[in-house]
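Me: Got a minute to go through some helix packing with me? I'll paste the structure here.

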Amino acid sequence: MAGLFAKLTAIFEAPDAGPVTSHDPAAVAMAALMVQLARADGDYDDGERAGIRAALDARFGDGEALLTAGEAAEETAMDSHQFTRLVKNAYEPEERSDLLEDLWEVVLADGARDANEDALMRQFGALLHVPDRDIGLARQRVIARKG
C-alpha cells in the first residue's frame, strides 16, 4: 500500500514530468503528438516511424533521438494537453499552422484517413488555437504535395 501511495504522490507532485532529454521540449512534444497520431489507428509500423523521423529531422534535426524521446513521452502521458500546451506556447499562430502540416503528413502517410486520426487532428487544432479553416488548408497543402 505504501508503494501505491508513493506512486500517486509522485504523479501529483510532477504532473508534467517527462523523460529527461537535452532536446527542446516543444520539439519532443511535437514528436509525441506525431506518435500519438500514428498509433491512433492501431497500426504503428516502421514506415510510420520512418516518416515521423524524417519530418522531425527536417524541422528540428536529430529525428531519431526526437522520435525516441517522443515515443517515451507519449507512452507515459496521461493525455495530449501537456504536449499541445508546450507547442502552443513555443510557436506563433502562423507557425502552428505549418506544424499542423507535419501532423497531417503522419495521418495521410498510409494513404487512408481513420476516424480516430481525424478526431485527434480536430482536438490538436483546437488545443493549439488554430482555426478549423487553417486545419483544412494545412491538410489540402499536404494532399497537393502528395498529388
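Reply: Sure, here is a run through some helices and their contacts.

Reply: This is a predicted model, where local features need pLDDT of at least 70, side-chain atom pairs count only at pLDDT 80 or more, and totals for chains, interfaces and linings use all residues. Residues are numbered from 1 along each chain as its sequence is written, and side-chain values use heavy atoms, with hydrogens and water left out.

Me: At what angle do α6 and α8 cross?
Reply: Roughly 55°, with the axes of α6 (residues 93–108) and α8 (residues 132–146) coming within 8 Å. So α6 is oblique to α8 (angles under 35 degrees count as roughly parallel, over 145 as roughly antiparallel, 65 to 115 as roughly perpendicular and the rest as oblique).

Me: Left-handed or right-handed crossing?
Reply: α6 passes α8 right-handed.

Me: Which residues of α6 and α8 meet?
Reply: Among them are Ser97, Leu100 and Trp104 in α6, and Ile135, Ala138 and Arg139 in α8; contact means heavy atoms within 4.5 Å. By class, the α6 contact with α8 has seven nonpolar, one polar and seven charged residues.

Me: And how do α6 and α7 cross?
Reply: At roughly 170°, and the axes of α6 and α7 (residues 115–127) come within 11 Å. That makes α6 roughly antiparallel to α7. Leu100, Leu103, Trp104 and Val107 of α6 touch Glu117, Asp118, Met121 and Phe124 of α7.

Me: Switching topic: is α2 mostly covered or not, by count of buried residues?
Reply: Mostly covered, as 13 of the 15 residues in α2 are buried (under 20% relative accessible area, with a 1.4 Å probe and protein chains only).

Definitions and conventions:
Axes are lines fitted to C-alpha atoms, for helices over the stretch in contact, and angles run from 0 to 180 degrees between N-to-C directions. Helices (H or I, at least four residues) and strands (E, at least two) are DSSP runs, numbered from the N terminus. A crossing is left-handed if the near helix is turned anticlockwise from the far one by less than a right angle, and right-handed if clockwise. Ala, Val, Leu, Ile, Met, Phe, Trp, Tyr, Cys and Pro count as nonpolar, Asp, Glu, Lys and Arg as charged, and the others, Gly among them, as polar. Buried means under 20% relative accessible area, exposed over 50%, partly exposed in between (1.4 Å probe, protein chains only).
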